[in-house]
Amino acid sequence: MADPKTPAPELKNESGIDTTLVRQLADILNDTSLTEIEVEQGELRIRVAREVVAAPVMQYSAAPPAHVPAPVAAASPASMPSDPATIVAKSGEEVKSPMVGTVYLQASPEAPPFAQAGDKVKKGQTLLIVEAMKTMNPIQSPRDGVVKEILVGDAQPVEFGEPLVLLEA
């Protein structure tokens, strides 16, 4: 690989684009965790980006609806606080975050929330979004029910397994 600090001889193609510069930018992407890099010189602007494969994220975000109902009954007592008043207030099925990220309760700041306390929801309906690595992952209702409580705030960071929404029958 060429040293990015050492100027290489310019190899321009028919369009006048410096292909050596493009290759050096691509090498920088391969050597770092960057997903895109952009260089601007006068009126010439070169942007090199690599496609981030979203399949593992989407498979991961799609798995929790099938996995959430069974573990909730077993995991809930250990994760619930010991204060009896809090236990009563938090009864219901928890929809947990399948990943670390940032929660958004609506599609855009001016849009209405996906779901609010008291809303009837259908299985597969989007309750909120968790953004992880610049990918918006819809968190869907695992079953039909009523939203008892939204446990997180908009633009709040969340951890894997953190309860996001309480559903009741």
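The following exchange concerns the predicted model shown above.

Colleague: Which conventions apply to this model?
Modeller: Residues are numbered from 1 along each chain as its sequence is written, and side-chain values use heavy atoms, with hydrogens and water left out. As the model is predicted, totals for chains, interfaces and linings use all residues, whereas side-chain atom pairs count only at pLDDT 80 or more and local features need pLDDT of at least 70.

Colleague: How many helices and strands does the protein chain have?
Modeller: Both element types are DSSP runs numbered from the N terminus, helices being H or I of at least four residues and strands E of at least two. On that basis, the protein chain has 5 helices and 10 strands.

Colleague: What percentage of the 169 residues in the protein chain is buried?
Modeller: Buried means under 20% relative accessible area, exposed over 50%, and partly exposed in between, with a 1.4 Å probe and protein chains only. Among the 169 residues, the buried share is 28%.

Colleague: What is the order of the strands in the open sheet?
Modeller: Two strands pair if DSSP finds at least two bridges between them. The open sheet has 4 strands with antiparallel pairing. Its edge strands, each pairing on one side only, are β3 (93-96) and β5. The order is β3-β10-β8-β5.

Colleague: Which residue in β10 is the bridge partner of K96?
Modeller: Strands β3 and β10 run antiparallel and are joined by 4 bridges. Both faces of β3 are covered, with E93 and V95 buried on one side and E94 and K96 buried on the other. The bridge partner of K96 is P163.

Colleague: Which residue of β8 stands opposite K120?
Modeller: Strand β8 comprises residues 145-150 and is joined to β5 by 2 bridges, the two strands running antiparallel. Opposite K120 stands V146.

Colleague: Which strand supplies the largest share of the largest nonpolar core?
Modeller: A nonpolar core is a set of buried Ala, Val, Leu, Ile, Met, Phe, Trp, Tyr and Cys residues joined through side-chain atoms within 4.5 Å. The largest one has 17 residues, of which V103, L127, L128, V130, L164 and V165 touch the most other members. Both β6 and β10 (163-168) supply at least two residues of this core. The largest share, 4 residues, comes from β6.

Colleague: How many residues make up the other core, the one that includes L21 and L25?
Modeller: In soluble globular proteins, nonpolar side chains tend to be buried together. This other core lies apart from the largest one and also includes L29 and V48. Its residues number 6.

Colleague: Is Q125 buried or partly exposed, and with what relative accessible area?
Modeller: Q125 lies in the loop between β5 (120-121) and β6 (126-132). Leaving aside residues up to four places away in sequence, Q125 touches F114, K120, I139, Q140 and S141, where contact means heavy atoms within 4.5 Å. Q125 is partly exposed, with a relative accessible area of 27%.

Colleague: With which side chain does the side chain of Q106 make a polar contact?
Modeller: Q106 is in the loop between β4 (101-104) and β5, and is buried, with a relative accessible area of 17%. A polar contact is a pair of N or O atoms within 3.5 Å; within protein, one must be able to donate a hydrogen and the other to accept it, and residues adjacent in sequence count only if both atoms are side-chain atoms. At 3.4 Å, the partner of the Q106 side chain is the side chain of D154.
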